[in-house]
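Keep the viewer open and follow the stops in order. Each stop gives a selection and then says what is there.

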Amino acid sequence: MKPIVVAKNLTKSYTKGLRALDNVSLTVNQGKVLVVMGPSGSGKSTLIRTFNGLENFDRGELNILGIKVDSTHDERKIQKIRRRVGMVFQQFNLFPHLSILENITLAPVHVQKRRQADAEEYAMYLLNQMGIDSHAKKYPSQLSGGEQQRVAIARALALKPELLLFDEPTSALDPERINEVLDAMRRLARQGMTMVVVTHEIGFAKDVSDQVLFMDSGKVIETSPPNIFFSNAKHERSRKFLNQLDKQ
Amino acid sequence: MKINQKLFLQFGISIIFFGLIGILINNLTINLIRTGLGFDFSWLLKPASFALAEHPLPYTSSDSYAWALFIGWLNSLKVIVSSLILATFLGTLIGFARTGTNSLLGLISAGYITIIRQTPLLLQLMFWYFVGFLGLKDNMFIQIKNIFNISNKGIELSGLTFSSEFLALLFGLSIFTSAYIAEVIRGGILSVSRGQWEAFRSLGISERKGVIRIILPQALPAIIPGLTSQYLNLAKNSTLAIAVGYSDIYAINDTIINQTGRAIECFIILLISFLLLNLLITNAMEIINRLILKSQRYD
């Protein structure tokens, strides 16, 4: 099995000695889905942001798609990684001054130097897959949250990434809009996309993930397959967290 | 408030307002009678009989006062427009350096902004004039193949000459204003959410392209109003030209007042000149603003 993400002893400290990441090690193999869970402030977002260089770290080593990066934060290597790794954010972060189509074709045209017409054709294919091709000419503010997030997924897919990172993709959505986004993510997982997903969606984690990684205070508390994690978590801290999620 | 009360209030305020204007006009007339000069603009057509060091259009001392004033207006326009361009360029660079990820550049630009904003413009103009240009040797201090000459007379660039007075004013005004523009630009950039930076970075788009295509278009609506007021300040500050002996509209007005004693007429001319100039700037910026907003109609 080909490893896509290998993290070794990643550590990141803030000035007051707080650790955002504390010796985090993990591996994600090709075609697998890793769900990252944990209370807010546990370092989940920081962790996946180090994978595409949006966050730096102080110690440890990272190997993404065979490209090794360390705390020196080599810009050229990070740029190479970003061209092969897509990311979807909690707040969608679509470009509000560009149309849906322009949002998706910007990177293929300017980063991969593809022809505008080809990029548009592929963008329309992706929008069709997401069920929102009728919105191509609209602007982000004219779409609902769920539609915007599906555009964001299409935008991330436009570079034909080998790894997709999701940072709480449904946390900013109305409850009735969550499923349309989760369904799109389920389809991607079925198609064999390698994914790292920070989420609190237990249903999604149970159905789709291969491993659940639970974090607290920057540390990895446990990594288990979902059937074990949700029925018989090894660690006391994990069980406490799941109990609280259930109450909500 | 009842309608009667409202009317009464407005009536009262109007009386006070027109009363004040009446007092001012009365004072003006009394002063004009005392100096023995009527309110009159016919002197404008008499020969100015003073020389001007700089004139973009032909001018001799036998030309009229009106023509001398027009030359002054052109000189003002020349230094304002060129400072405006230079200040915007410098300010944009420094504003981005200040917000960028490079900590050394950020520190340097923060120092620049602090020093420039914390010292008076007059002092800076004097510095550029006396230290920057008059401090140079008189003949060809730096010379590159007759194409570029810099001396205490100014700069000569392949046939075009710029006097040291013009250059001192250009540098002084541009550098002073650029520090304020840098802060306006920085404010605009900071008004764009962090998520927009993360989004373009995560797509592998370079910093330069991301700033031009993603950040600046969204920052502009927040930048334009602040930029407009900095441009208006620059235009008004250009009257400090008199300190370095550049013949702008204000300096020429000053000479004419000394020669003719027509202070009130001259100040009215000055007032109208600047009103026109600043209305021009305001309207141009308003058009730019509207074009930007129109191109960014999201819904």
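Select Arg76(A) to begin. This is a predicted model, and in it Arg76(A) is exposed, with a relative accessible area of 69%. That value lies over the 50% cut-off, so Arg76(A) is classed as exposed. Arg76(A) belongs to helix 2 of chain A. For a distance, pick the C-alpha atoms of Arg76(A) and Leu62(A): they are 15 Å apart, with the two positions 14 residues apart along the chain.

Next, select Glu75(A), which is also placed in helix 2, a helix that covers residues 75-82 of chain A. Glu75(A) is partly exposed, at a relative accessible area of 49%. Partly exposed means between 20% and 50%, so Glu75(A) does not count as exposed. Now add Glu61(A), Asp70(A) and Asp74(A) to the selection; together with Glu75(A) they form a negative patch on the surface.

Stay in chain A and select residues 44-51, which make up helix 1. How many of its eight residues are buried? Seven are, and the helix is mostly covered. The buried ones are Lys44(A), Thr46(A), Leu47(A), Ile48(A), Arg49(A), Thr50(A) and Phe51(A). After helix 1 comes Gly53(A), where phi is positive, near 75 degrees.

Move to chain B and select Ser178(B), in helix 5 (residues 164-190). Is Ser178(B) buried or exposed? Ser178(B) is buried, because its relative accessible area is 0%. To see what surrounds this residue, leave out neighbours within four places in sequence: the contacts of Ser178(B) are then Ala87(B), Leu90(B), Gly91(B), Ile94(B) and Tyr112(B).

Then select Asn253(B), which sits in helix 9 (residues 249-260) of chain B. With a relative accessibility of 2%, Asn253(B) is counted as buried. Which residues does Asn253(B) contact, leaving aside neighbours within four places in sequence? They are Leu69(B), Cys266(B), Phe267(B) and Leu270(B).

For the last stop, select Leu276(B), located in helix 10 (residues 263-295) of chain B. Add Phe39(B), Phe41(B), Ile268(B), Leu271(B) and Ile272(B), and show the surface. With Leu276(B), these residues form a nonpolar surface patch, and the accessible area of the group is about 560 Å².

Note on methods:
Residues numbered from 1 in each chain as written. Chains lettered and ligands numbered in written order. Predicted model: local features only at pLDDT ≥ 70, side-chain atom pairs only at ≥ 80, totals over all residues. Heavy atoms only, no water. Patch = residues over 30% accessible without salt bridge, like charges linked within 9 Å, V, L, I, M, F, W, Y side chains within 5 Å. Areas by Shrake-Rupley, 256 points an atom, 1.4 Å probe, with all protein chains shown as cover. Salt bridge = Lys/Arg side-chain N within 4 Å of Asp/Glu carboxyl O. Lys, Arg positive; Asp, Glu negative; His and termini not counted. Charge placed at Lys NZ, Arg CZ, Asp CG, Glu CD. Helix = DSSP H or I, 4+ residues; strand = E, 2+ residues; numbered from the N terminus. Buried < 20%, exposed > 50% of the residue type's maximum accessible area, 1.4 Å probe, protein only. Contact = heavy atoms within 4.5 Å.
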